[in-house]
Amino acid sequence: MLDNRHLITLTNAHNIVDKFISGAKVWNDFISDYPEANIHFHVKNLDHFLPKGNIFDFSEYKFPLKGNVKFSGINFGNIKVDFSGAIFGEGNILFNNCQFGDKDILFLNTNFGNGIVTFENAKFGNGNIYFIDAKFGNGNIYFTSCNFGDGDVSFYGAQFKEGDIIFHKAIFGDGDVSFNNISTGNSNAYFDNMQFGSGNVSFNNITFGSGVTTFSRTFFGKGNVIFYNANFGEGIVSFDRTQFSEGKVIFDHAYFGDGDTYFRTTSFDENYISFKKVNFGSGSFSFKDSIFSNCEFVFNDAVFSEGFVDFSDIEFSSNKINPIHFQNISFSERGANFSRSNFGHSKIYFDYSDFKGHVSFVNLTNSNEILSLSFKHCIFHKSLNLESNKFNFVPDLTNTSLNNQLSIQGFMCKPSPTDDGVPKAIDAIRFCRLKELAEANKSHQQALIFHIQEMRIKRFYINKGRRFLDLIFDKTCHYGNSISIPSKILLGMTGVFWFIYFCISRLTICKNLEYLECAKIFDIPEFVGNSLLFTITQTILFMSAGNKIADETAKSLFLIDNKGDIPHFIYGIGVIQGVISFILLFLIGLGLRHRFRL
C-alpha cells in the first residue's frame, strides 16, 4: 500500500461532499488545486446529499495525481452510480465495506492508477455492475468477500498489470458474470472460495499472467461456465475442490502454460464438459479423485506437450449412458495414468490418440460396468497396461500400433451381450487383435484364451456342418487349450469299452454252455484283467508290444481252448475305439504343447 500519510487529507471540513456531488466541472476544478492530497469521505449515507431522483454521475471525474481516495463504509443508497471515465492517481482507492443499491453501478473505462484498489466486503444490490474496459495498475485489487447481488457483472476488456487480483470468497448472484477479453498481466489471480449463482460465467479470451491462478473451492451454480480460448499463462493453475453444477463447462481452445494444472477432487454435476483442442504446456495435468455425475466428457484434439497426465481415481456416476471422449489426443512422453478410476456406465473413446509415454488402466474400479473402451487407430510408443480388469465387452485395439509391451495379467473380457444372444461379428475381429498383441508379448496362454473367444464368435457366422464340427472341437478340448477334458473323455471311453469287451467275452464264452460249466470256465478276475488289457491295447495303438498283447488277450477273451474264431465285429469295435482314442490322444498332446510352449 502506498504511504501517503504525509500528504494533506481533504475531508468534510473542505466541503468535499458538496463539491463531489456538484458535477465533473466543479469537482475537477477543485481537485486541480490539490494535485497531491488524500481524500477521505467521512459520510455514512451519501444519497442524503443528493436531490431526489438524481443519480451519482461521477463520470470523467479526476482525482489527485498522488494520494489515497477513501470511500470506505459509504452507503450510496438505491441510486445509480457512474464512475465511467474517472481517473484516479497513484494512491490507494478504498471502496471497502461500501453499500450500493439495486441500480446499475458503472466503472466503464475507469482508470484506477497504480495503487491498491479494494472493494473488500462491499455489498452491491441487484443492479448491473460494469467494470468494462477498466484499467488497473500495479497495486493489488481486492474484491474479497464482496457481494455482487443478482444483477449482471462484467469486467469485459479490463486490464490488469502487476498487482494481484483477489476475489477470495466473493459472492455473485443469479446474473451473468463476464471476465471476457481481460488481461491479468504478470499478477496472481485468486478466484478461490467464490460462489456463483444460476447465471452464466464466462472467461472467454482471458489472458492470465505468469503468476498463480486459482479457482480452488469455488462453487459454480446452474449457469454455463466458459473458458473458451483462455490463456492461463505460465503459472500454476488450480481448480482443486471446485464444484461445477448443472451448466456446461467449456475450456475449448484454452492454453495452459508451463505450470502444473490441477482439477483434483473437483465435482461436476449434470454437465457437458469440453476440453476440445486444449493445449497443455510442459506442466503436469491432474483430475485425480474428481467426481463426474451424469456428465458427458469431451477431451478431443487436446495436446499434452511435456507434462504427466493423471486421471487416476476419478469417478463417473450415472443413471444413463454417457460417452467419454479422448479422441485424437496427443499425450506426452511422461505418460498418462487412469488407474483405479471408476468410469461407471460409460462408453470410452480414445480413437486416433497418440500415446508417447506409458499409459496405465490398471485395476479400474467396477470395470464390469463399463460399456465399451475403444483404442482404434491409436499409437502407443511405450507400454499399455490393462492389468486386473474384468470387462463385459471386448476392448477395441484394432488398427493400433503398439511398439512396446501390452500388460494384460489378470485381464478378462467377453463378448458384449445382445438381445438375440448372437455375439457381434466385430467382437471376433477385436479378439483376433488381442490375440495378435498377446502373441507379440509371448503371452501364449492369454493368446489362446482370446483365440477361443474369437472362434466361438465366428461359429455363429459359418454353415451348419462346419458349425457342428467347430462345436465338437470346442467342447472336447476348448480348441486345443484343455488337457483335462480330452483326458477325462479318454478315461471314460476306456472304461466303457472295457465293460463292452468284458460283456461280449462272457456272452461269447457262455452262449453254448450250461451255467455251471460257464462258471467253471469263466474266471471273473482273469477276464476283468484281460478285458482291461485288451482295451488298453486298442487305446494306445502305437505300443511296441501292442499287437502281440492284443492277439493273446483276444484269444483268452473270446475263444475256448484257442478253438474257433474271434467274432468279426470285435475288430470293428476296436477300429472305432482306436480312431477315437487317437483323436483324443492328439488333443491331449495339443493341449500339452500349448500348455508348455516357450
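Two strands count as paired when DSSP finds at least two bridges between them. Keep that in mind as you click around, and remember that the model on your screen is predicted.

**Stop 1: the whole chain**

Start zoomed out, with everything shown as a cartoon. You are looking at 10 helices and 45 strands. Colour by burial and you'll find that buried residues make up 52% of the 598 residues. How much of the contact list comes from residues 24 or more positions apart? Among contacts with a separation of 6 or more, such pairs account for 65%.

**Stop 2: strand S2 and its two partners**

Select residues 37-40, which form strand S2. Turn on the side chains. Ala37 and Ile39 point one way, and Asn38 and His40 point the other way. In a regular strand, side chains alternate between the two faces of the sheet. Are the side chains of S2 buried or exposed? All four residues, Ala37, Asn38, Ile39 and His40, are buried.

Now add residues 8-10, strand S1. S1 and S2 pair in the parallel sense, over three bridges. Click on leucine 10 and look across: isoleucine 39 in S2 stands opposite.

Next, add residues 69-70, strand S4. S4 runs parallel to S2 and is joined to S2 by two bridges. Here isoleucine 39 turns up again, this time opposite valine 69 of S4.

**Stop 3: an open sheet of five strands**

Move along to a sheet with the order S17-S20-S24-S28-S32. It is an open sheet, and the pairing is parallel. Which strands stand at the edges? Select 219-220 for S17 and 315-317 for S32: each has a single partner strand, so one side of each is left without a neighbour in the sheet.

For a look inside this sheet, select residues 243-244 (S20) and 267-269 (S24). These two pair in the parallel sense over two bridges. Pick out glutamine 243 and you'll find that its bridge partner in S24 is serine 267.

**Stop 4: strand S36 and its neighbours**

Select residues 346-349, strand S36. Its side chains alternate as well, but compare the burial here. Ser346 and Ile348 point to one face and are buried, while Lys347 and Tyr349 point to the other face and are not.

Bring in residues 322-325, strand S33. S33 and S36 pair in the parallel sense over four bridges, with isoleucine 324 opposite isoleucine 348. Then bring in strand S39, residues 372-374. S36 and S39 also pair in the parallel sense, over three bridges. In that pairing, tyrosine 349 stands opposite serine 374.

**Stop 5: isoleucine 370**

Stay in the area and click isoleucine 370, in the loop between strand S38 (359-360) and strand S39. Why does this loop residue count as buried? Its relative accessible area is 3%, and the cut-off for buried is under 20%.

Show what surrounds isoleucine 370. Leaving aside neighbours within four places in sequence, its contacts include Ser346 and Ile348, which you met in S36, along with Phe343, Leu364, Phe391 and Phe393. Try a distance label too: isoleucine 370 and isoleucine 321 are 49 residues apart in sequence, with 9.7 Å from C-alpha to C-alpha.

**Stop 6: two helices side by side**

Select 425-440 (H3) and 444-458 (H4). They pack at an angle of about 160°, with their axes 8 Å apart. That angle makes H3 roughly antiparallel to H4. The crossing of the two helices is left-handed.

Show the side chains where they meet. On the H3 side you'll see, among others, Ala428, Phe431, Leu434 and Lys435, and on the H4 side residues including Phe450, His451, Glu454 and Ile457. What kinds of residues make up the contact of H3 with H4? There are nine nonpolar, three polar and five charged ones.

**Stop 7: two residues with positive phi**

Finish with a pair of backbone oddments. Aspartate 133 has a phi near 60°, a positive value in a residue other than glycine. You'll find aspartate 133 in the loop between strand S9 (129-130) and strand S10 (141-142). At 37% relative accessibility, aspartate 133 counts as partly exposed.

Then jump to histidine 478, in the loop between helix H5 (464-477) and helix H6 (484-510). Its phi is near 50°, again positive in a residue other than glycine. Histidine 478 is partly exposed, with a relative accessible area of 30%.

Terms used. Residues are numbered from 1 along each chain as its sequence is written. This is a predicted model: local features need pLDDT of at least 70, side-chain atom pairs count only at pLDDT 80 or more; totals for chains, interfaces and linings use all residues. Side-chain values use heavy atoms; hydrogens and water are left out. Axes are lines fitted to C-alpha atoms, for helices over the stretch in contact, and angles run from 0 to 180 degrees between N-to-C directions. Angles under 35 degrees count as roughly parallel, over 145 as roughly antiparallel, 65 to 115 as roughly perpendicular and the rest as oblique. A crossing is left-handed if the near helix is turned anticlockwise from the far one by less than a right angle, and right-handed if clockwise. Contact means heavy atoms within 4.5 Å. Ala, Val, Leu, Ile, Met, Phe, Trp, Tyr, Cys and Pro count as nonpolar, Asp, Glu, Lys and Arg as charged, and the others, Gly among them, as polar. Buried means under 20% relative accessible area, exposed over 50%, partly exposed in between (1.4 Å probe, protein chains only).
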